[in-house]
Amino acid sequence: ATAPALQRRHASKQRFVVDLSQCLFDFVIQLLPTVEEMAVKEDVRKLLERLIRTIEPESRLLSFGSTANGFSLRNSDMDLCCLIDSDERLAASDLVTMLGDLLERETKFHVKPLPHARIPIVKLSLDPSPGLPQGIACDIGFENRLALENTRLLMCYAMIDPTRVRTMVLFLKVWSKRRKINSPYKGTLSSYGYVLLVIYFLVHVKNPPVLPNLQQMPPLRPISKEDTHVAGFNTWFFDDIELLRQRWHSENNETVAELLIDFFRYYSRDFLYNTGVASIRAGLLKKDSKGWQNDLSGGRYNDARERNRLCIEDPFETDYNVSRCVTKDGLYTIRGEFMRASRILSTRPERAIIALAELCE
Ligand code: CTP
Ligand code: MG
């Protein structure tokens, strides 16, 4: 192409990414929870905490997941974790049963205790009402301190660059729900998994990086092992975000739209699905170095193979593959969706809003 033609193409690309970035902000802003919704959820948390304390006086009920990490969409469910600060506490399964009975008696929630699940929880839901048109869904678990810590880690990453990180994550959450690839029970990936893919991309793939690696930064003062370990795992990370923002600036000035386009391209073409493990703690790892290989066929390895199609290392619980529920078909569908998104964005239709609508169809 001639120089003027190239210039025209460059200008049209610039216009598209500026336009698309604006559309992405406008799109996610209208999907954020309202102030009223957040207030109602906080009231529900307080009410439940008060009731639980009639069984376990030394307990606290804390939010984790999207209600606490800055990646919440309107009407998302509530994840609550009960911590008990005394040494003589009831077993989680007994607590689940007792709490289930109590909530059934004392509240209007539909209650479903699951005392024998791998992680015992009480599931609650509230029917829609005029003040709460979508109702509320809520899970209460016990002593899941690692989930509280990983929620805090994601929140810190969101705070470093709220505009770009939150817009990307929120958009991907909506997109993956609309495209029906956000159901671990059906072989696709949880929201938590998608958030980790975004952070991995921003810390380890983008060059220069958009985010620093909070787990590898030098601590401000010496830290002892007791302070940093939860359930045997090192959960330390640099969490003084105010200070970090004074000392660290990303050299990467790409717009949200450019990052998103690149994100889809990377996960449709470049990520090494067969051999690679995405680790936000340590960068790209190898499946066989973690014992997560999927190339062993037959016999007793079939299970390991099915579990490790896609590998995303949990930031703290490093022997846990967050995407272990993703099946062969599920991964095929997810990659197909990454490719579709990449294709739609690379054709750059006349108006960015049209691309966005098509993307989330
Ligand atoms: N979690 C986890 N391991 C998983 C899935 C979830 O530890 N495999 C914990 C994480 O602490 C995560 C929380 O559960 O933050 C909630 O997970 P999820 O519901 O997937 O994410 P949300 O951000 O709450 O998304 P949504 O709004 O879709 O509920
Ligand atoms: Mg949730």
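**A walk through two domains and a ligand**

The C-alpha centres of domain 1 and domain 2 lie 30 Å apart. This is a predicted model, in which local features need pLDDT of at least 70 and side-chain atom pairs count only at pLDDT 80 or more, while totals for chains, interfaces and linings use all residues. Residues are numbered from 1 along each chain as its sequence is written, and chains are lettered from A and ligands numbered from 1 in the order in which they are written.

Let us start with the two domains. Domain 1 covers 35-144, and domain 2 is made of 161-211 + 250-359; these bounds come from an automatic or database domain assignment. Four residues of domain 1 are in contact with seven residues of domain 2, where contact means that the C-beta atoms, placed from the backbone, lie within 7 Å. On the side of domain 1 that touches domain 2 there are two nonpolar, two polar and no charged residues. Here Ala, Val, Leu, Ile, Met, Phe, Trp, Tyr, Cys and Pro count as nonpolar, Asp, Glu, Lys and Arg as charged, and the others, Gly among them, as polar.

Now look for ligand 1. Where does ligand 1 lie with respect to domain 1 and domain 2? Both domains give residues to the shell around ligand 1, so the ligand lies between them. There are 17 residues around it, of which Gly65, Ser66, Ser76, Ser191 and Tyr192 come nearest; a residue is near a molecule if its C-beta atom, placed from the backbone, lies within 6 Å of it. The shell has six nonpolar, eight polar and three charged residues. Helix 3 (66-69), helix 5 (145-160) and helix 7 (191-205) each supply at least two residues of this shell, and helix 5 gives the most, with three. Helices (H or I, at least four residues) and strands (E, at least two) are DSSP runs, numbered from the N terminus.

From helix 5 we can step to helix 6. These two helices pack at an angle of about 125 degrees, with their axes 5 Å apart. Axes are lines fitted to C-alpha atoms, for helices over the stretch in contact, and angles run from 0 to 180 degrees between N-to-C directions. Helix 5 is therefore oblique to helix 6: angles under 35 degrees count as roughly parallel, over 145 as roughly antiparallel, 65 to 115 as roughly perpendicular and the rest as oblique. Tyr157, Ala158, Met159 and Ile160 of helix 5 make the contact with Pro162, Val165 and Arg166 of helix 6.

Helix 6 (residues 162-178) also packs with helix 7: their axes come within 10 Å and cross at roughly 140 degrees. This pair is therefore oblique as well. In helix 6, the residues Val165, Met168, Val169, Leu172, Lys173 and Ser176 meet Ser191, Tyr194, Val195, Val198 and Leu202 in helix 7. These contact residues divide into eight nonpolar, two polar and one charged.

Two backbone details are worth finding before you finish. Most residues other than glycine have a negative phi, and most peptide bonds are trans. Asn75, however, has a positive phi of about 60 degrees although it is not a glycine, and Asn75 lies in the loop between helix 3 and strand 2 (78-84). A cis peptide bond joins Asn207 and Pro208, with omega about 0 degrees. You will find Pro208 in the loop between helix 7 and helix 8 (225-228).

Note on methods. Two residues are in contact if their C-beta atoms, placed from the backbone, lie within 7 Å.
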